[in-house]
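Please open the structure in your viewer and keep the sequence panel visible. The tour below proceeds stop by stop, stating what to select and what is found there.

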Amino acid sequence: MSIFSEKLACKKVIIMLLSFILISTLTMAQGFTNDAKIAADYQKSVDSLLLKVKTMTLQEAKQVLVNPPQSAAVGIVKPSKKVLTANAIYERAKAATVITGCVYLCPRCSNAHISESSGYIIDPKGIMVTNYHVVAQYANMTDGNKPLGFVVRMANGCTYAVKSVLTSSKENDLAVLQLETNGDLLPALPLAEGAKVGEKVFVLGHPKGMHYFFSQGNVMDKYLEEAGEPNNKFFREMVVISADYATGSSGGPVMNEYGDVVATVSNTHPLIHSEMNPGLQMVLKNTVPVESLYKLIKP
């Protein structure tokens, strides 16, 4: 073979390798979330599911919220020992994070509506965590709205009915739910022992219909928040983080750099200058520490 032929062959090999690398890179490129399609597919799957599966009724939910069992037996996943990249945490959390759906009829039309929040699986057999106030929204629906069911959607498109509330805590704004999975084993997130001020954290949720919105920040504070009615005040443990979230993120997981859950998204609390000067100064992003969740479950 001539030197010219050898050079030509080498060029062809190089071009083929570059083409392969380019194609592989394009294949691995992350797609864009189509929130409208997710919402539409969720609606279709819910309409079909409610025709076949019975979900927890409003009365059943209300009864357990008022008088919940002290704890629930849960087969939790072992914590990770490897620090993960932010994208790896996102991908793993996405598989185990659900879109909770309070399905109802409004008095103005005949279409079923879905009020979305967040939650996450902690036991592959379909046991999940969300906020107490998310379940209470379903159990105490008002304004002429008629509840049809309580369901969740996985990132893979599978939709499951909420079968029951295993336990809950109004004080700590937590609820542990059992899904009707028909034997399916679901991706689950491991639980950490806790978090320290200054540690990096990641949040996944669905703020205002932006599905699987991922943010990161740090633990800013761990403090006792005053909560409850004016005549029945109490204090509860809260972890303040700097990662962003908004309405719809309630019940979503807060994770450390290992991808283990350290808290659950709960609420936001604006801090103003004073009653005379009500200018917003900062917003506390309050999350319920995993230590409070451990009080509700028996691993």
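How many of the nine residues of strand β2 (residues 97–105) are buried? Select this strand: eight of its nine residues are buried, so β2 is mostly covered. Here buried means under 20% relative accessible area, exposed means over 50%, and partly exposed lies in between, with a 1.4 Å probe and protein chains only. Strands (E, at least two residues) and helices (H or I, at least four residues) are DSSP runs, numbered from the N terminus.

Before going further, note that this is a predicted model, in which local features need pLDDT of at least 70, side-chain atom pairs count only at pLDDT 80 or more, and totals for chains, interfaces and linings use all residues. Residues are numbered from 1 along each chain as its sequence is written, and side-chain values use heavy atoms, with hydrogens and water left out.

**The partners of β2**

Add strand β3 (residues 112–123) to the selection. It pairs with β2 in the antiparallel sense over nine bridges; two strands pair if DSSP finds at least two bridges between them. The two strands form a hairpin, with six residues between them. Within this pair, Cys 102 stands opposite Ser 115 in β3.

Next, select strand β5 (residues 146–153), which is also paired with β2 in the antiparallel sense, over seven bridges. Here Thr 100 stands opposite Val 152.

**The cysteines**

Now display the side chains of Cys 102, Cys 106 and Cys 109. A disulfide is a covalent bond between the sulfur atoms of two cysteines. The rule applied here asks for a pair of cysteine sulfur atoms within 2.5 Å, and by this rule the count is zero disulfides. Cys 102 is in no disulfide, and the nearest cysteine sulfur, in Cys 106, is 13 Å away. Cys 102 is buried, with a relative accessible area of 2%. Why does Cys 109 form no bond with Cys 106? The closest cysteine sulfur to that of Cys 109 is the one in Cys 106, and the distance of 3.6 Å is too far for a bond. Cys 109 counts as partly exposed, at 32% relative accessibility.

**Helix α5**

Move to helix α5 (residues 132–139), where six of the eight residues are buried. Among them are Tyr 132, Val 135 and Tyr 138.

**The loop between β8 and β9**

Select the loop between β8 (200–205) and β9 (213–229), which contains Lys 208. Tyr 212 is found in this loop as well. Is Tyr 212 buried or exposed? Tyr 212 is buried, with a relative accessible area of 6%, whereas Lys 208 is exposed at 69%. Lys 208 has a positive phi near 50° although it is not a glycine, and Tyr 212, also not a glycine, has a positive phi of about 60°.

**Lys 82**

Select Lys 82, in the loop between β1 (72–73) and α4 (86–96). This residue is exposed, with a relative accessible area of 59%. Leaving aside neighbours within four places in sequence, Lys 82 is in contact (heavy atoms within 4.5 Å) with Glu 257 and Tyr 258. Measure in the viewer from Lys 82 to Thr 264: their C-alpha atoms are 22 Å apart in space, while the residues are 182 apart in sequence.

**The last stop**

Finally, select Leu 280, which is in strand β13 (residues 280–289). Leu 280 is exposed, with a relative accessible area of 57%.
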